[in-house]
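Biologist: I have the sequence and the coordinates open side by side, and I would like to go through them with you, one question at a time.

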Amino acid sequence: MRPYGKFYIPTPRIRLFTRMALMIRSSAIHAAGCYTTSAIRKGSRVAEYTGHLMTKAEADKLYEHSPVTYLFGLGDGSMVIDGHSMTMFVNHSCDANCETEEIDGHVYVVATRNIQPGEEITYDYCLYDGGEEEANCNCGSKGCRLTMYSPKEVKNRKKKARLNGKKLAQRPKPASNR
Ligand SMILES: [Zn+2]
């Protein structure tokens with residue numbers, strides 16, 4: 001679910017700001033993370049989630065056999081951004097210091113509290129549509145919900161699992177070979 005996969009040459013998109021000093025280094029949450037070297041004020045845009053824009057159907061086809069993607073669903077989810085910038089290294093946390101905001105097809109990572117220099121930048125992935133993938137969370141925060149799926153998606157997945165369980169239970173038992 002989270003990172004390291006196929007990198008992709010993006011269609012360049014205009015970056016609206018570059019004043020934040022971000023760097024990538026190893027993270028306790030997951031392999032690599034995105035850190036700020038300067039203080040960030042609550043409400044500031046930290047970065048833009050840039051990358052190649054494609055339909056969800058195109059992305060599904062392209063990454064059919066890849067367990068790892070950097071796809072960010074836009075609007076109703078029919079379009080996705082295939083991440084290609086520092087932002088794709090931003091890890092998930094259940095107690096994140098940022099959130100994502102979608103404005104006119106652009107996705108920004110925005111600080112939800114003041115962030116100190118040296119802190120890792122995180123946002124809540126609220127994953128959905130993950131198929132069989134588990135997407136466990138190990139952010140280590142107090143209120144960790146142990147998954148990177150959104151609360152809504154967790155409910156849906158439980159429901160699906162229950163229905164599948166029922167189907168299995170209703171399946172006629174195979175005749176024993178005596
Ligand atoms: Zn967590």
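Modeller: Before we start, one term is needed: two strands are said to pair if DSSP finds at least two bridges between them. Please keep in mind as well that this is a predicted model.

Biologist: How many bridges join strand E1 to E2?

Modeller: Strand E1 covers residues 22-26, and its pairing with E2 is antiparallel. One position to look at is Ile-24, which has Cys-34 as its bridge partner in E2. The number of bridges over which E1 and E2 pair is five.

Biologist: Which residue in the hairpin of E1 and E2 takes a positive phi?

Modeller: The place to look is the hairpin, which has five residues between the strands E1 and E2. As background, most residues other than glycine have a negative phi. In this hairpin the residue with a positive phi, near 25°, is Ala-31.

Biologist: What order of helices and strands does the protein follow along the sequence?

Modeller: The protein contains two helices and 10 strands. Among contacts between residues at least 6 apart in sequence, 66% join residues at least 24 apart. Read along the sequence, the pattern is β-β-β-β-α-β-β-β-β-β-β-α.

Biologist: Which strand gives the most residues to the largest nonpolar core?

Modeller: The largest nonpolar core has 23 residues, and those with the most contacts inside it include Leu-22, Cys-34, Val-46 and Ile-121. At least two residues of this core come from each of the strands E2 (32-36), E3 (45-48), E6 (79-83) and E9 (106-111). The strand that gives the most, with three residues, is E9.

Biologist: Which residues does Leu-22 touch, leaving out those up to four places away in sequence?

Modeller: Leu-22 is among the residues with the most contacts inside the largest core. In general, nonpolar side chains in soluble globular proteins tend to be buried together. With residues up to four places away in sequence set aside, Leu-22 touches Cys-34, Tyr-35, Thr-36, Ala-47, Met-86 and Ile-121.

Biologist: How many residues does the second, separate core have?

Modeller: Tyr-125, Cys-137, Cys-139 and Tyr-149 are included in this second core, which is separate from the largest one. Its number of residues is five.

Biologist: Why is E6 largely enclosed by the rest of the structure?

Modeller: A residue counts as buried if 20 or more other C-beta atoms lie within 10 Å of its own, and for the protein as a whole, 24% of the 178 residues count as buried. E6 is largely enclosed because the number of its five residues that are buried is four.

Biologist: In what order do the strands of the open sheet that holds E6 lie?

Modeller: E4, residues 51-55, runs antiparallel to E6 and is joined to it by five bridges, with Met-54 opposite Val-80 and Gly-51 bridged to Gly-83. E5, residues 71-74, also pairs with E6 in the antiparallel sense, over four bridges, and there Phe-72 stands opposite Ile-81. E4 and E5 each pair on one side only, which makes them the edge strands. The order of the open sheet is therefore E4-E6-E5.

Biologist: Is Ser-44 buried or partly exposed?

Modeller: Ser-44 lies in the loop between E2 and E3, and beyond its neighbours within four places in sequence, Ser-44 is in contact with Val-110 and Ala-111. Its C-alpha atom is separated by 9.0 Å from that of Asn-114, although the two residues are 70 apart along the chain. Because Ser-44 has 17 C-beta neighbours inside 10 Å, it counts as partly exposed.

Biologist: Is Asp-104 buried or exposed?

Modeller: Asp-104 is found in the loop between strand E8 (98-103) and E9, and its phi is near 50°, a positive value in a residue other than glycine. With 4 C-beta neighbours inside 10 Å, Asp-104 counts as exposed.

Biologist: What is the phi of Leu-146?

Modeller: Leu-146 is found in the loop between strand E10 (122-123) and helix H2 (151-170). It is partly exposed, with 13 other C-beta atoms within 10 Å. Its phi is a positive value in a residue other than glycine, near 65°.

Key: Residues are numbered from 1 along each chain as its sequence is written. This is a predicted model: local features need pLDDT of at least 70, side-chain atom pairs count only at pLDDT 80 or more; totals for chains, interfaces and linings use all residues. A residue is buried if 20 or more other C-beta atoms lie within 10 Å of its own, exposed if 12 or fewer, and partly exposed in between; C-beta atoms are placed from the backbone. Two residues are in contact if their C-beta atoms, placed from the backbone, lie within 7 Å. A nonpolar core is a set of buried Ala, Val, Leu, Ile, Met, Phe, Trp, Tyr and Cys residues joined through C-beta atoms within 7 Å.
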